[in-house]
Amino acid sequence: MKIVAVGDIIVSEALLAQAASSLNVGEKAEIIEMFWPARDRKDFQRKALNLEMNGPDAEEIPNELYEEVRDADILLVHFCPVSRRLIEAGKKLKLIGTCRGGMEHIDVQAATEKNIPVIHVIRNAEATSDFTVGLMFAETRNIARAHAALKEGIWRKEYVNSEYTTAMREMTVGIVGLGHIGRLVAEKVTGMGMKVIAYDPYVTQESVDERGLTVTMKEKEQVFKEADIVSLHLRVTPETENSINKEIIGLMKPTAYLINTSRAKVLDKNALIEALQNRAIGGAALDVYWDEPLDKDDPILKLDNITLTPHNAGNVVDALPKSPRLLVGVINDFWETKKSDMVVNLRQIMLKQ
């Protein structure tokens with residue numbers, strides 16, 4: 001058994017290799033440590049953003065990695081791009097794992113074509129779900145706007161939503177994408193006494209009930225029509241890109257709010273801006289953007305019914321060091337049970353078999 005562990009300046013190859021030694025492979029594994037280079041953290045962030053925006057072919061990898069993966073059984077990475085070319089070079093690959101939630105750096109389609117499971121972990125799921133609920137409070141109760149006004153010496157009491165501001169437990173939350181983070185958000189807001197409805201084409205009411213979640217599954221259109229707060233928790237795929245468009249946003253109540261802590265590309269920027277400018281919806285809160293950092297002239301900065309944060313939802317100190325061991329735990333559990341919500345292409349592979 002050969003395992004290739006590719007680290008970077010954020011999650012080291014040594015940390016990945018150490019975690020890989022705990023994989024239940026049934027034999028002593030050969031673990032190869034490799035490094036995906038970046039000059040410094042700023043260069044890493046530039047490369048990471050390029051991958052998130054443009055996919056796994058957007059950045060180069062060391063040529064030696066193609067050689068090492070040829071006879072590898074398992075490939076573990078943090079942010080190192082895993083392109084179709086690299087996957088096709090891995091003639092013996094049985095599994096690809098990444099210790100982050102986003103999949104933009106991996107060609108999942110290429111892996112699926114070769115029946116290779118791709119496993120990820122939402123290393124900062126708790127942090128992101130906490131932050132999502134925080135944005136709900138911040139936007140619906142004008143917390144950030146009140147703070148900004150006071151800093152300017154203004155005792156502000158009137159806001160765009162003043163005529164319909166109400167207590168959180170009087171509101172219905174609609175969750176679009178009931179994956180790991182979506183479920184955590186559901187647990188937290190139902191604990192506050194809020195009603196939760198959700199849409200996810202891969203989640204049934206039966207499976208929700210089995211998990212003990214107090215969530216009613218509905219069609220996407222119904223979620224947008226009925227919810228007072230719509231929270232997006234979607235990966236970017238050909239099906240989801242720009243799927244939250246003018247037509248879908250147009251279904252929302254004029255008093256409803258849209259929250260996005262997932263990926264900017266699932267949301268049509270122009271449609272959102274138009275809806276906010278025309279007061280077609282009550283407000284929005286974003287932690288992710290189509291271009292990061294935001295340009296100082298971006299029209300979204302001129303709106304008074306939106307809360308903006310600089311991609312901070314998952315930023316907690318303990319997420320990165322724990323992520324390799326979290327990944328290995330998920331892999332071991334998958335091998336034992338043959339099922340996992342963290343295998344992003346399991347359904348497609350099972351349909352092929």
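**Helix contacts, ring pairs and backbone oddities**

Ala125, Glu126, Thr128, Ser129, Asp130, Thr132, Val133 and Met136 of helix α6 meet His180, Ile181, Leu184, Val185, Lys188 and Val189 of helix α8 (contact: heavy atoms within 4.5 Å). You're looking at a predicted model, where local features need pLDDT of at least 70, side-chain atom pairs count only at pLDDT 80 or more, and totals for chains, interfaces and linings use all residues. Residues are numbered from 1 along each chain as its sequence is written, and side-chain values use heavy atoms, with hydrogens and water left out.

**Exercise 1.** Work out how α6 and α8 are oriented to each other.

*Solution.*
- Step one: find the helices, α6 at residues 125–140 and α8 at residues 180–191 (DSSP runs numbered from the N terminus: helices are H or I, at least four residues; strands are E, at least two).
- Step two: take the numbers, which are an angle of about 50 degrees and axes 9 Å apart (axes are fitted to C-alpha atoms, for helices over the stretch in contact; angles run from 0 to 180 degrees between N-to-C directions).
- Step three: α6 and α8 are therefore oblique to each other (under 35 degrees is roughly parallel, over 145 roughly antiparallel, 65 to 115 roughly perpendicular, the rest oblique).

**Exercise 2.** Now do the same for α1 and α13, and find the residues that make their contact.

*Solution.*
- Step one: go to α1 at residues 13–20 and α13 at residues 319–337, whose axes come within 9 Å and cross at roughly 30 degrees.
- Step two: that crossing makes α1 roughly parallel to α13.
- Step three: on the α1 side, pick out Leu15, Leu16, Gln18, Ala19 and Ala20; on the α13 side, Pro321, Pro324, Arg325 and Val328.

**Exercise 3.** Track down the aromatic pairs in the whole structure and see which residues they link into a cluster.

*Solution.*
- Step one: a search of the whole structure turns up two pairs (ring centres of Phe, Tyr and Trp, using the six-membered ring of Trp, within 6.5 Å; planes under 30 degrees apart are stacked, over 60 edge-to-face, the rest tilted).
- Step two: Trp36 and Phe44 sit 6.1 Å centre to centre with 70 degrees between the planes, an edge-to-face pair.
- Step three: check burial, and you get a relative accessible area of 1% for Trp36 and 3% for Phe44, so Phe44 counts as buried, as does Trp36 (buried is under 20%, exposed over 50%, partly exposed in between; 1.4 Å probe, protein chains only).
- Step four: Phe44 also pairs edge-to-face with Phe79, at 5.7 Å and 85 degrees.
- Step five: that pair joins distant parts of the chain, with Phe44 in α2 (residues 41–54) and Phe79 in the loop between β3 (74–77) and α4 (84–89), 35 residues apart.
- Step six: Phe79 is buried too, and the ring pairs tie Trp36, Phe44 and Phe79 into a cluster.

**Exercise 4.** Look for a cis peptide bond and for positive phi values at Asn242 and His311.

*Solution.*
- Step one: most residues other than glycine have a negative phi, and most peptide bonds are trans.
- Step two: the bond from Glu292 to Pro293 is cis, with omega near -5 degrees, and Pro293 lies in the loop between β11 (283–286) and β12 (306–308).
- Step three: Asn242 has phi near 60 degrees, sits in the loop between β9 (229–232) and α11 (246–249), and is partly exposed at 38% relative accessibility.
- Step four: His311 has phi near 55 degrees, sits in the loop between β12 and α13, and is partly exposed at 28%.
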